[in-house]
Amino acid sequence: MTTAHPAQELDVQPTPLALLLLGREADPRSERGVECPGDLPSPSDPDLVERARAAKEKLGDKVFVLGHHYQRDEVIQFADVTGDSFKLARDAAARPEAEYIVFCGVHFMAESADILTTDDQKVVLPDLAAGCSMADMATAEQVAECWDVLTEAGVAEQVVPVSYMNSSADIKAFTGRHGGTICTSSNARRALEWAFEQGEKVLFLPDQHLGRNTAVRDLGMSLEDCVLYNPHKPNGGLTAEELRNAKMILWRGHCSVHGRFSVESVNDVRERIPGVNVLVHPECKHEVVAAADHVGSTEYIIKALEAAPAGSKWAIGTELNLVRRLANRFAAEDKEIVFLDRTVCFCSTMNRIDLPHLVWALESLVEGNLVNRIEVDPETEKYAKLALERMLALP
């Protein structure tokens, strides 16, 4: 259980998706709040950059700002370190002198930072509505019900849960309680190898595509070895026999950004840019991964482009903020880098962290007001940390 601490209570009612994306309302089943008390700076304020710089300088070593790769450029410029979610959480843990950890990312990332930092450190998420659609696709209640289904099918004792880093603290805690481990997109193969050394089956949460791609591409399994558990159907939409025959039980979850790429996108970019290298994230659909030239995590993508020869052409299947930043970075080296899909697609929840929210959070800390603290309760933290430590112990 995670406690998000807005500075005032909100009377929140479920609302249409459009209003959620606009940030005008909130869904209490997945969101933690959308408003900031006090005066949120106007996005048109020409002094925002200077205000952020001044507040950060006043706080000095008391604050450590983390910026995820998918963040806006206006925010990332103030990050002390950048990286993927797990790297940033570890970076925060390595700075115990920082009283405040301002996480420019999404909710599950801030939870992980709170789990790995000391009790004296406070983790702040500039906008509590910066969630993750994938993480929200697996709730603690749904996963507990799934385990009951596995128990009734007589297979639970054979199952080892492996949860992607992109999951809530509750799901990480479930994984820790049931002898499982966490994985990132970089070490998913090793995590699955470890899990199959412990048991005969894996319950992979919450991203079906990373689980499927790792099992089939890296471990040599067949698609028939994988079944899809749908938490919105009775018994997950699976028979006891299907569960007994499966090696990989995949949760029906996905990334709303990576899930949009298609084989048509790959074919289209090959026609438009002869000789292009297609590089995609393993959260993409299996058929997209199969059609690509290269597949890898965010860090892999960055390193691949760093090592690419001048004049090479690349179509990247991942979040647009990062692709655009890489295109600008390597333009001087005559590397052509384009977004895989013709349609612009930002991570809408990651983009909730904008410069006005960052300025508000930093200036509040300068004034001695701790806002939007993310705090994982001790029991959840205990088992979530156990699962994370199992990952860290993987060779």
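Analyst: Two strands are taken to pair if DSSP finds at least two bridges between them. With that in hand, the sheets of this predicted model can be read strand by strand.

User: How should pairing within a sheet be understood, and in what order do the five strands of the open sheet stand?

Analyst: Strands of a sheet pair through backbone hydrogen bonds, in either a parallel or an antiparallel sense. Here five strands make up an open sheet with the order S7-S6-S8-S10-S9, and their pairing is parallel. From one strand to the next, the twist averages 25°.

User: Which strands stand at the edges of this sheet, and why is one side of each left without a neighbour?

Analyst: The edge positions belong to S7 (181-183) and S9 (226-229); each has a single partner strand, so one side of each lacks a neighbour in the sheet. The partner strand S10 (residues 248-251) is joined to S9 by four bridges in the parallel sense. Within this part of the sheet, Tyr-229 stands opposite Trp-251 in S10.

User: Which helices lie across these strands?

Analyst: Helix H7 lies across S6, S7 and S8 (201-205), running at about 150° to S6. Helix H9 (residues 208-218) lies across S6, S7, S8, S9 and S10, and runs at about 155° to S10.

User: Is helix H7 mostly covered or mostly uncovered?

Analyst: A residue counts as buried when its relative accessible area is under 20%. By that cut-off, H7 (residues 169-177) is mostly covered, with seven of its nine residues buried. Among them are Ile-171, Phe-174 and Thr-175. After H7 comes Gly-179, whose phi is positive, near 80°.

User: Is Ser-163 buried or exposed, and what does its side chain contact?

Analyst: Ser-163 belongs to strand S6 (residues 159-164). This serine has a relative accessible area of 0%, so it is buried. Its side chain forms a polar contact with the side chain of Thr-175, at 2.6 Å. Once neighbours within four places in sequence are set aside, the contacts of Ser-163 include Ile-171, Thr-175, Cys-183 and Leu-205.

User: What is the strand order of the open sheet with four strands?

Analyst: That sheet has the order S12-S11-S13-S14, again with parallel pairing. S12 (294-295) and S14 (336-339) stand at its edges with a single partner strand each, so one side of each is without a neighbour in the sheet. S13 (residues 313-317) runs parallel to S14, and four bridges join the two. One bridge pairs Lys-313 with Glu-336 in S14. Helix H14 (residues 320-330) lies across S13 and S14, running at about 165° to S14.

User: How is the packing of two helices described, and at what angle do H2 and H15 pack?

Analyst: Two packed helices are described by the angle between their axes and by the distance between those axes. For H2 (residues 48-59) and H15 (residues 355-366), the angle is about 30° and the axes are 9 Å apart. The crossing of H2 and H15 is left-handed. Residues of H2 that meet H15 include Leu-48, Arg-51 and Ala-55, and those on the H15 side include Leu-355, Val-359 and Glu-363. By class, this contact of H2 with H15 comprises eleven nonpolar, no polar and three charged residues.

User: How many helices and strands has the chain, and what share of its residues count as buried?

Analyst: The chain has 16 helices and 15 strands. Of its 395 residues, 56% count as buried. Among contacts between residues at least 6 apart in sequence, 68% join residues at least 24 apart.

Terms used. Residues numbered from 1 in each chain as written. Predicted model: local features only at pLDDT ≥ 70, side-chain atom pairs only at ≥ 80, totals over all residues. Heavy atoms only, no water. Contact = heavy atoms within 4.5 Å. Axes fitted to C-alpha atoms, helices over the stretch in contact; angles between N-to-C directions. Left-handed = near helix turned anticlockwise from the far one by under 90°. Nonpolar A, V, L, I, M, F, W, Y, C, P; charged D, E, K, R; others polar. Buried < 20%, exposed > 50% of the residue type's maximum accessible area, 1.4 Å probe, protein only. Polar contact = N/O pair within 3.5 Å; in protein donor to acceptor, adjacent residues only side chain to side chain.
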